[in-house]
Amino acid sequence: MKYHIKTFGCQMNKNDSKRISSYLEKNNHTSVSEMKNADLIVINMCSIRQSAVDRIYGLIPKFKKIKKEKPELKIVLTGCTLKKDQKKLKENFDYILSKKALQQWNEFLQQEEWDYHPDPRNEKFNSKFNTDYLEINPKHKNSAKAYLPISTGCDNFCSFCVVPYTRGPEVSRAPKEIIKEAKELINEGVKELWLLGQNVNSYQHSLNGDEINFVDLVEKINNLKGDFWIKYTSSNPKDFTSGNIKRLSQFEKVTPYLNLPLQSGDNEVLKKMNRPYSIEDYKKTVKEFRDNFESLSLSTDIIVGFPGETKKQFNNTVEAFKDLNFDMAYIAKYSPRPQTEASELDDNVSEEEKERRAKILNKLLEKQALDFNKKLIGKRMKVIVLNQKDKLIGKNKYNKTVKFPGPEDLINNFVNVEITNASAWGLTGNLEQ
């Protein structure tokens with residue numbers, strides 16, 4: 001069978017799609033670039049934001065058109081999918097399969113009729129089918145950048161987030177599995193290794209009676225042979241300690257880039273979000289990172305228009321944004337998600353006001369990002385070359401995009417670049433002679 005995978009959502013979902021691809025190819029399936037040429041279409045869905053769910057509905061007319069021409073076509077829905085979304089979408093899919101049962105997919109796909117409930121929290125499902133799909137090596141294209149999941153799921157139950165309901169409780173992978181996969185990626189030429197988890201820095205695993213935490217794991221990866229960088233996402237402020245921050249700064253392969261979601265700069269809103277830290281705690285953590293990492297690049301996640309967020313509370317976020325001097329941010333307008341605590345609250349901030357608040361932060365971000373990037377002009381720095389369009393495109397240790405002229409054979413390698421110009425969203429330069 002020829003298959004096509006369409007992926008929505010975060011880097012974890014994208015990595016999951018690579019594991020699905022690897023599994024299918026081991027079972028004699030061949031990848032095709034267009035849905036219309038496939039015998040099997042896999043939609044790796046994300047219920048985290050309504051916009052992603054809406055895009056699935058937008059694909060349904062296309063499915064129906066292909067089905068008319070190819071009645072034998074099979075369409076699978078998988079991913080981070082809420083029960084509510086599964087129920088609404090099931091009539092438009094032949095199968096709804098859990099990624100946690102990936103090693104049984106071939107068995108499921110041979111069934112003429114599908115009536116099995118795929119929810120991985122179902123007791124029957126767990127006992128019969130739930131294997132560790134992360135043990136399947138992902139199909140890794142020749143690339144200098146790779147994502148390595150170290151955990152999956154989440155126990156935090158932030159009031160706006162559906163991850164605990166779609167991915168289940170947090171589970172940390174065994175260190176030996178992670179190290180094995182890291183070695184394979186490094187041997188394949190990966191130069192930038194991203195450690196992934198919904199709450200990546202709460203990683204915890206027992207090894208020979210000893211507890212291995214996130215920083216212990218990073219140290220083990222840092223000590224592997226090879227020339228590569230270590231980055232990680234997404235971390236939670238509650239799980240960093242002063243000692244761990246200092247240890248992280250001593251690992252030569254860990255880059256001075258930190259994504260640390262704040263979500264709001266107002267303590268009352270943070271409490272309603274069930275975020276277990278205050279703005280004062282957050283600022284203390286950032287100060288410790290900046291004391292230990294030279295020229296830290298600080299990225300964050302912010303939600304504007306959370307239910308009940310007043311203009312004064314939003315202004316507290318604006319002030320925090322200025323004080324913390326973020327040079328990258330992912331700014332989202334709140335939208336209620338089923339099953340979450342926040343969905344029971346009155347979504348009383350208008351869409352127009354959410355848009356206004358997002359624009360204020362984005363404008364502020366543009367200035368702060370430009371200020372950060374301008375400081376890099378004239379510097380010579382190491383860049384990992386990822387692809388080429390009109391110029392070579394790469395990333396530096398601060399996770400900034402760098403464009404510069406050069407030959408195609410430098411792709412997937414480290415090079416030294418002198419930075420000559422900066423914008424808010426990237427840098428340009430020339431290869432060091």
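So, to kick off: what radius of gyration would a compact globule with 433 residues have, and what does the protein have? The globule would come out near 22 Å, and the protein has 22 Å, so the two agree. Keep in mind that this is a predicted model.

Okay, the overall picture. Along the principal axes, the C-alpha atoms fill a box of roughly 60 × 55 × 50 Å. We've got 13 helices and 20 strands in there. Of the 433 residues, 55% count as buried. And if you take contacts between residues at least 6 apart in sequence, 73% of them join residues at least 24 apart.

Now the outside. The protein exposes about 20,200 Å², with carbon and sulfur atoms supplying 46% of that. On charges, there are 71 positive and 59 negative ones, and their mean positions sit 3 Å apart.

Let me zoom in on one element, helix H13. That's residues 351-374, so to speak our helix of the day, with 24 residues. From first C-alpha to last, H13 reaches 34 Å, close to the 34 Å expected at 1.5 Å a residue.

Which residues of H13 are buried? Going along the helix, you meet Glu-353, Lys-354, Arg-357 and Ala-358, then Leu-361, Leu-364 and Leu-365, and after those Gln-368, Ala-369, Phe-372 and Asn-373. Note that the buried set includes Glu-353, Lys-354 and Arg-357 along with the leucines.

And what covers them? The cover for H13's buried residues includes helix H12 (311-324). It also includes strands E14 (297-304), E15 (328-333), E19 (414-423) and E20 (426-431).

Note on methods: Residues numbered from 1 in each chain as written. Predicted model: local features only at pLDDT ≥ 70, side-chain atom pairs only at ≥ 80, totals over all residues. Heavy atoms only, no water. Helix = DSSP H or I, 4+ residues; strand = E, 2+ residues; numbered from the N terminus. Expected span 1.5 Å × (residues − 1). Buried < 20%, exposed > 50% of the residue type's maximum accessible area, 1.4 Å probe, protein only. Contact = heavy atoms within 4.5 Å. Rg over C-alpha atoms; globule rule 2.2 N^0.38 Å. Areas by Shrake-Rupley, 256 points an atom, 1.4 Å probe, with all protein chains shown as cover. Lys, Arg positive; Asp, Glu negative; His and termini not counted. Charge placed at Lys NZ, Arg CZ, Asp CG, Glu CD.
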